[in-house]
Amino acid sequence: MGLLGAIVEHPEDLYALVKLKMASDRIKKQIPAEPHWGFSYTMLQKVSRSFALVIQQLGPELRNAVCIFYLVLRALDTVEDDTSIPSDIKVPILESFHHHIYERDWHFSCGAKDYKVLMDKFHYVSTAFLELGASYQEAIEDITKRMGAGMAKFICKEVETINDYDEYCHYVAGLVGLGLSKLFHASGLEELAPDSLSNSMGLFLQKTNIIRDYLEDINEIPKSRMFWPREIWSKYASKLEDLKYEENSTKAVQCLNDMVTNALMHAEDCLQYLFALKDLAIFQFCAIPQIMAIGTLALCYNNVEVFRGVVKMRRGLTARVIDQTRSMSDVYGAFFEFSSLLKSKIDDNDPNASLTRHRVEAIQKACISSGLLNKRGYHMYESRLQYNSVLVIMVACKDIFYSI
């Protein structure tokens with residue numbers, strides 16, 4: 001369904017989409033003049049448009065640090081993701097990457113499209129990094145070093161057990177959570193969060209991505225790299241790639257539900273982390289991706305389309321999450337609604353139905369017991385507005401949405 005068709009079905013998304021488009025246009029006009037900062041913020045928009053939007057809510061000093069932190073780790077991830085690089089070349093680069101961020105002229109050609117541009121012109125990122133405060137530099141170097149070492153470890157190691165899965169997700173995402181907590185603390189705006197909570201913030205996002213990206217990852221050329229743990233998928237198939245075939249749909253969905261149930265264990269930690277934040281801009285920066293994660297898990301759960309194509313929240317709903325996330329009551333409301341949607345899809349015949357229901361109800365209990373639950377009504381599927389949406393779209397939208 002095209003964007004205009006989606007708005008016809010969900011006219012309540014229109015206002016938020018207009019605001020999101022206007023915000024996106026403002027960001028494009030606010031690119032810094034200095035070449036290295038201009039490149040960094042332009043590249044941020046290219047490799048993660050949604051992240052570029054939420055990062056703009058941060059103050060200038062912290063925004064610069066988070067921007068460079070993201071690009072450094074995005075570059076590191078590009079090296080890891082490029083399956084054409086032989087292991088004997090890739091591993092030393094991953095292990096030494098934290099040194100290269102101090103080298104103004106270092107670059108390494110790999111990746112594709114915008115990621116290749118990032119790697120070819122990485123010297124701009126290094127130049128910007130060297131202008132950050134010492135405490136920001138130290139935090140970024142520390143996380144880059146630990147992440148590179150962890151990625152190198154898993155180049156030659158399969159994700160066999162659930163412990164392996166958690167360890168891998170810690171290296172590639174939990175450490176991002178720890179690093180962001182360090183940057184928030186270095187800014188003087190937040191207390192340093194416990195590592196366990198910071199780690200869960202990263203794992204919740206990473207596991208959601210791993211679940212959602214099954215088909216893209218399994219079809220990766222020249223060879224696939226998958227991070228679904230054998231301990232889970234071997235209960236449902238003899239080979240992980242078998243799950244994408246239609247004749248295995250029942251087992252595939254059961255495996256998917258097992259993976260989603262595993263991811264849900266981190267949700268309560270995420271709520272606890274968000275509740276402790278003091279600065280509004282940092283809160284919004286952290287909360288929006290977590291809401292997107294619980295919403296994506298709700299869509300993926302019991303959904304065979306994960307093995308057929310891309311499953312993600314519609315753009316209008318994403319725009320509403322960005323626009324309406326202002327307080328913990330909004331977070332509790334979103335988590336409650338999306339977990340309720342997931343709960344409604346639980347099939348009692350699913351092997352993990354009881355555990356899934358238990359984890360969903362624990363999330364709902366945390367939302368209710370907070371005393372701050374505010375049900376916003378995101379309407380994942382059905383629109384409840386009755387005005388002439390087609391007329392509104394023709395008058396208010398015209399063609400501005402085609403670039404969203």
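Which residues in α5 meet which residues in α7? In this predicted model, L71, R74, A75, T78 and V79 are the residues on the α5 side, and Y115, L118 and M119 are their partners in α7. Sorted by class, this contact of α5 with α7 has six nonpolar residues, one polar residue and one charged residue. An α-helix has 3.6 residues a turn, so residues three or four places apart point the same way.

The two helices can be placed along the chain and then in space. Helix α5 covers residues 60–81 and helix α7 covers residues 113–120. Their axes come within 10 Å and cross at roughly 110°. Angles of 65 to 115 degrees count as roughly perpendicular, and α5 and α7 are therefore roughly perpendicular to each other. The crossing in which α5 passes α7 is left-handed.

The wider setting of this pair is a protein with 20 helices and zero strands. The protein has 404 residues, of which 55% count as buried. Its exposed surface is about 17,800 Å², and carbon and sulfur atoms supply 52% of that area. Among the contacts in the protein with a separation of 6 or more, 75% are accounted for by residues 24 or more positions apart.

Helix α17 shows how burial looks for a single element. This helix spans residues 315–324. Nine of its 10 residues are buried, so α17 is largely enclosed by the rest of the structure. The buried residues are G316, L317, T318, A319, R320, V321, I322, D323 and Q324. R320 and D323 are thus included in the buried set of α17.

Two residues stand out by their backbone angles. Most residues other than glycine have a negative phi. K113 is not a glycine, yet it has a positive phi of about 55°. K113 belongs to helix α7, the helix that α5 crosses. K113 is exposed, with a relative accessible area of 75%.

N302 is the other case: its phi is positive, near 60°, and it too is a residue other than glycine. Where does N302 lie? N302 is in the loop between α16, residues 280–300, and α17. With a relative accessible area of 31%, N302 is partly exposed. The loop that holds N302 thus leads to α17, the helix with nine of its 10 residues buried.

How values were computed: Residues numbered from 1 in each chain as written. Predicted model: local features only at pLDDT ≥ 70, side-chain atom pairs only at ≥ 80, totals over all residues. Heavy atoms only, no water. Axes fitted to C-alpha atoms, helices over the stretch in contact; angles between N-to-C directions. Helix = DSSP H or I, 4+ residues; strand = E, 2+ residues; numbered from the N terminus. Parallel < 35°, antiparallel > 145°, perpendicular 65-115°, else oblique. Left-handed = near helix turned anticlockwise from the far one by under 90°. Contact = heavy atoms within 4.5 Å. Nonpolar A, V, L, I, M, F, W, Y, C, P; charged D, E, K, R; others polar. Buried < 20%, exposed > 50% of the residue type's maximum accessible area, 1.4 Å probe, protein only. Areas by Shrake-Rupley, 256 points an atom, 1.4 Å probe, with all protein chains shown as cover.
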